[in-house]
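Reader: I am new to reading protein models. Could you take me through this one, term by term?

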Amino acid sequence: MKTTRINTGIYKIENQGKIFQCEKTYDGQWMLLLFVESNVGLQGNYEYCDHYLTLSDCKYIIENHINEF
């Protein structure tokens with residue numbers, strides 16, 4: 001699992017070929033997004049997965065429940 005800081009409150013996490021993005025929201029929680037590629041050859045989009053209390057919680061879910069995404 002590789003974690004990269006993109007900007008303040010935004011992290012990109014790569015694990016087993018899947019790309020996730022974690023963004024800190026206005027209320028202090030973390031929004032977990034999954035990158036989904038487009039079949040048309042266009043740039044893909046991020047789809048909402050869930051909210052978690054900390055960035056560590058996001059990493060735990062990605063590491064231990066990767067097959068559910």
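Author: The secondary structure of this protein comes to one helix and five strands. Along the sequence the pattern reads β-β-β-β-β-α. This is a predicted model: local features need pLDDT of at least 70, side-chain atom pairs count only at pLDDT 80 or more, and totals for chains, interfaces and linings use all residues. Residues are numbered from 1 along each chain as its sequence is written, and side-chain values use heavy atoms, with hydrogens and water left out.

Reader: What makes a stretch a helix or a strand?

Author: Both are DSSP runs, numbered from the N terminus: helices are H or I with at least four residues, strands are E with at least two.

Reader: Why is the protein called as compact as a globular protein of that length?

Author: Compare two values. The radius of gyration is 12 Å, and the globule rule gives 11 Å for 69 residues. The radius is taken over C-alpha atoms, and the rule is 2.2 Å times the number of residues to the power 0.38. The two values are close, so the protein is as compact as a globular protein of that length. The C-alpha atoms fill a box of roughly 35 × 25 × 20 Å along the principal axes.

Reader: How are the five strands arranged in the sheet?

Author: They form an open sheet in the order S1-S2-S3-S4-S5, with antiparallel pairing. Strands S1 (2-7) and S5 (45-52) stand at the edges. Each has a single partner strand, so one side of each is left without a neighbour in the sheet. From one strand to the next, the twist averages 25°. Angles run from 0 to 180 degrees between N-to-C directions, with axes fitted to C-alpha atoms, for helices over the stretch in contact.

Reader: How do you know that S3 and S4 pair?

Author: Count the bridges. Two strands pair if DSSP finds at least two bridges between them. Five bridges join S3 to strand S4 (residues 30-36), and the two run antiparallel. In S4, Leu34 is the bridge partner of Phe20, and Leu32 stands opposite Cys22. The hairpin of S3 and S4 has five residues between the strands, and Gly28 there takes a positive phi near 90°.

Reader: What joins S4 to S5?

Author: Seven bridges do, and these strands also run antiparallel. Leu34 stands opposite Glu47 in S5.

Reader: What makes S4 mostly covered?

Author: Five of its seven residues are buried. Buried means under 20% relative accessible area, exposed over 50%, and partly exposed in between (1.4 Å probe, protein chains only). Take Trp30: its relative accessible area is 9%, so Trp30 is buried. Phe35 has 24%, so Phe35 is partly exposed. Across the protein, buried residues make up 28% of the 69 residues.

Reader: Why is the pair of Tyr11 and Trp30 called tilted?

Author: The structure holds two aromatic pairs. Tyr11 and Trp30 form one of them: 5.9 Å centre to centre, 55° between the planes. Rings of Phe, Tyr and Trp (its six-membered ring) pair if their centres lie within 6.5 Å; planes under 30 degrees apart count as stacked, over 60 as edge-to-face and the rest as tilted. By that rule, this pair is tilted. Tyr11 lies in strand S2 and Trp30 in strand S4, so the pair ties together parts that are 19 residues apart in sequence.

Reader: What makes the pair of Phe35 and Tyr46 edge-to-face?

Author: The angle between the planes is 65°, with 5.2 Å centre to centre. Phe35 lies in strand S4 and Tyr46 in strand S5, so this pair ties together parts eleven residues apart in sequence. Tyr46 has 33% relative accessibility, so Tyr46 counts as partly exposed.

Reader: Why does Gln16 count as exposed?

Author: Its relative accessibility is 58%, so Gln16 counts as exposed. Gln16 is found in the loop between strand S2 (10-15) and strand S3 (18-24). Its phi is near 50°, a positive value in a residue other than glycine.

Reader: How do you know that Ser38 touches Gln43 and Gly44?

Author: Contact means heavy atoms within 4.5 Å. Ser38 touches both, not counting residues up to four places away in sequence. Ser38 sits in the loop between S4 and S5. At 28% relative accessibility, Ser38 counts as partly exposed. The C-alpha atoms of Ser38 and Asp27 are separated by 31 Å, eleven residues apart along the chain.
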